[in-house]
Amino acid sequence: MGKLPLRARLATTVAGAAGRVSRLSGRGDGSVIGGVVGLRMEPDLLRLLAADRQIVLVTGTNGKTTTTRLITAALGAIGQEVASNAFGANMEAGLISALGRASDAPFGVLEVDERHLPAIMHATRPRVVALLNLSRDQMDRAAEIWLIARRWREALAGAPGCQVVANADDPLIAWAAGTAQRVTWVAAGQRWHEDSWCCPECGSHLRRDDLGWRCGECGFARPATRWVLDDERADLRGGAGVIGSADLRGGAGVTGSVVDSGGRVRELSLTLPGRANRSNAVIALAVAELFGVDMDQALPLLRQVTSVAGRYTQIERGGRVLRLLLAKNPAGWLEAFDVLAPPPTPVLLAVNAQGPDGKDTSWLWDVDYRVLHGRPVLVAGERRLDLAVRLEADQVAFRLAGSVDEAVDLVPPGGLDVIANYTAFQQIRTTLGRAL
Ligand SMILES: [Zn+2]
């Protein structure tokens, strides 16, 4: 912090104090308000705080928080402090707070909201940008992902020094990263195909086979990859929106393997469940390699990550063991179904439609709920009736619950998986206590 200009130093100090006041008064973790206060005093604060550090930016529709956490864990092998916005405050103020709190850290691993990537790249001049996936977040934003990809292209074209790590299995990501000069392509898989039937280059229909995807018209095709998550094949057979039999194994305990850029193969067993997290982990390994951390150093560190901002945490409540899963959009729901404990473990689905969730719940119709057949299903949240109608259509039997505690009372002692969208997840966390 000694290198910062005086006004930036003062702004960082005041931002930290504001954040602490906010935390003490119980208004969240304080990272946003602290950053907002700092920005008022020094509009250039993010650029100043990022200067002279090696910055990694992580973005995409799903998996940002987890991948950021995994990269941070892997870089632990270097033995120096890493600044990170571990709790997902992923716009300018949250990033300022994260860097301000760790002012001497030579590394910064930062999750970035996908809409803000160009501005954040401009301010932080990242050494590495990791691009995970792009899919509709809510129905009212479906068209926006094409616009976002276009803006990424422009930003990456203007950042020749930046190394990109990108998921080659997502056509829109491949297109977005296509203007970058240096790309490490990763075969990280893609379960959700509904937003990538069309060629981003020419609009024609994309074809998929065991080798990936390609456009029959213009020749735009999946790039050759340096890193491979090997359970990708099951993914391709599963097809769009269909849960293939290979995916019904319950997620937890299922391992894949990873092939690194040198062709070495290792088992990819994580403590975090599900193939979405294995996908995040392969991206994290590819990023870590760019910092000289090889797979054998990084894998044990990735295994030590047991929960991410309350997700996957198990908590006891009334004799039941609850496990919280966050699913904010159709692709996220597929990923959450993938990690459910096998039947007859019950599942509670909780849906709200407040601002951060999107007001429109019609995206519920994009999700295939038939995978829930054969297990007790409970439905809660402010929009539980919307979800109930949707489940009726898929002939999934369910019971309504007024709250998470009511759901706990309705199920026998044992496990209860909870899938919730954003504000419903936060409400449940609050109910269960900040121990999470
Ligand atoms: Zn094409």
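1. A quick convention before anything else: a residue counts as buried under 20% relative accessible area and as exposed over 50%, with partly exposed in between. By that yardstick Q395, at 67% relative accessibility, is exposed, while A309, at 18%, is buried. I come back to both residues below. Keep in mind that this is a predicted model.

2. Overall picture. The protein has 15 helices and 17 strands. Its radius of gyration is 21 Å, close to the 22 Å that the globule rule gives for 436 residues, so the protein is as compact as a globular protein of that length. If you want a box for setup purposes, the C-alpha atoms fill roughly 60 × 55 × 40 Å along the principal axes.

3. Burial and contacts. Of the 436 residues, 57% are buried. Looking at contacts with a separation of 6 or more, 69% of them are between residues 24 or more positions apart. The accessible surface comes to about 17500 Å², and carbon and sulfur atoms hold 51% of that.

4. The nine-stranded sheet. Reading across this open sheet, the order is β2-β3-β1-β4-β5-β6-β9-β10-β11, and the pairing is mixed. At the edges sit β2 (82–84) and β11 (265–268), each of which pairs on one side only. From one strand to the next, the twist averages 20 degrees.

5. What packs on that sheet, and one pairing within it. Helix α4 (residues 64–75) packs on the sheet and touches β1 (54–59), β2 and β3 (107–111); the direction of α4 makes about 165 degrees with that of β3. Elsewhere in the sheet, β4 (residues 128–131) and β5 (residues 163–167) run parallel and are joined by four bridges. If you'd like a residue pair to click on, A130 has V165 as its bridge partner in β5.

6. The six-stranded sheet. The other sheet to look at is also open and mixed, with the order β12-β13-β17-β14-β15-β16. Here the edge strands are β12 and β16, each pairing on one side only. Inside it, β14 and β15 pair in the parallel sense over four bridges, and A350 stands opposite A380 in β15.

7. Helix α15 on the six-stranded sheet. α15 lies across β12, β13, β14 and β17, and runs at about 150 degrees to β13. Which residues of this helix (422–432) are buried? They are T423, A424, F425, I428, R429 and L432. Their cover includes β12 (314–317), β13 (320–326), β14, α14 (404–410) and β17 (414–420). Just after the helix, G433 takes a positive phi of about 100 degrees.

8. Helix α13. In this helix (residues 384–393), the buried residues are L387, A388, R390 and L391. They cover an arc of only 165 degrees around the axis, which puts them on the same side of α13. L385 and E392 are exposed on the other side. Among the elements covering the buried residues are β14 (347–350), β15 (377–380) and β16 (399–400). Note that R390 is in the buried list here, just as R429 is in the buried list of α15; both are easy to pick out in the viewer.

9. Backbone points to check. Most residues other than glycine have a negative phi, and most peptide bonds are trans. Where does a positive phi turn up in a residue other than glycine? One of the places is Q395, with phi near 55 degrees. Q395 comes just after α13, in the loop between α13 and β16, and its 67% relative accessibility puts it over the 50% cut-off for exposed.

10. A second positive phi. A309 has phi near 50 degrees, again a positive value in a residue other than glycine. This alanine is found in the loop between α11 (295–303) and β12. Buried or exposed? Buried: its relative accessibility is 18%, and the cut-off is under 20%.

11. A cis peptide bond. The bond from P343 to P344 is cis, with omega near 10 degrees. P344 lies in the loop between α12 (330–338) and β14. That β14 is the strand that pairs with β15 in the parallel sense, and it is also among the elements covering the buried residues of α13 and of α15.

Key. Residues are numbered from 1 along each chain as its sequence is written. This is a predicted model: local features need pLDDT of at least 70, side-chain atom pairs count only at pLDDT 80 or more; totals for chains, interfaces and linings use all residues. Side-chain values use heavy atoms; hydrogens and water are left out. Two strands pair if DSSP finds at least two bridges between them. Helices (H or I, at least four residues) and strands (E, at least two) are DSSP runs, numbered from the N terminus. Axes are lines fitted to C-alpha atoms, for helices over the stretch in contact, and angles run from 0 to 180 degrees between N-to-C directions. Contact means heavy atoms within 4.5 Å. Buried means under 20% relative accessible area, exposed over 50%, partly exposed in between (1.4 Å probe, protein chains only). The arc is that of the directions from the helix axis to the C-beta atoms. The radius of gyration is taken over C-alpha atoms; the globule rule is 2.2 Å times the number of residues to the power 0.38. Accessible areas come from the Shrake-Rupley method with a 1.4 Å probe; for residues, only the protein chains shown count as cover.
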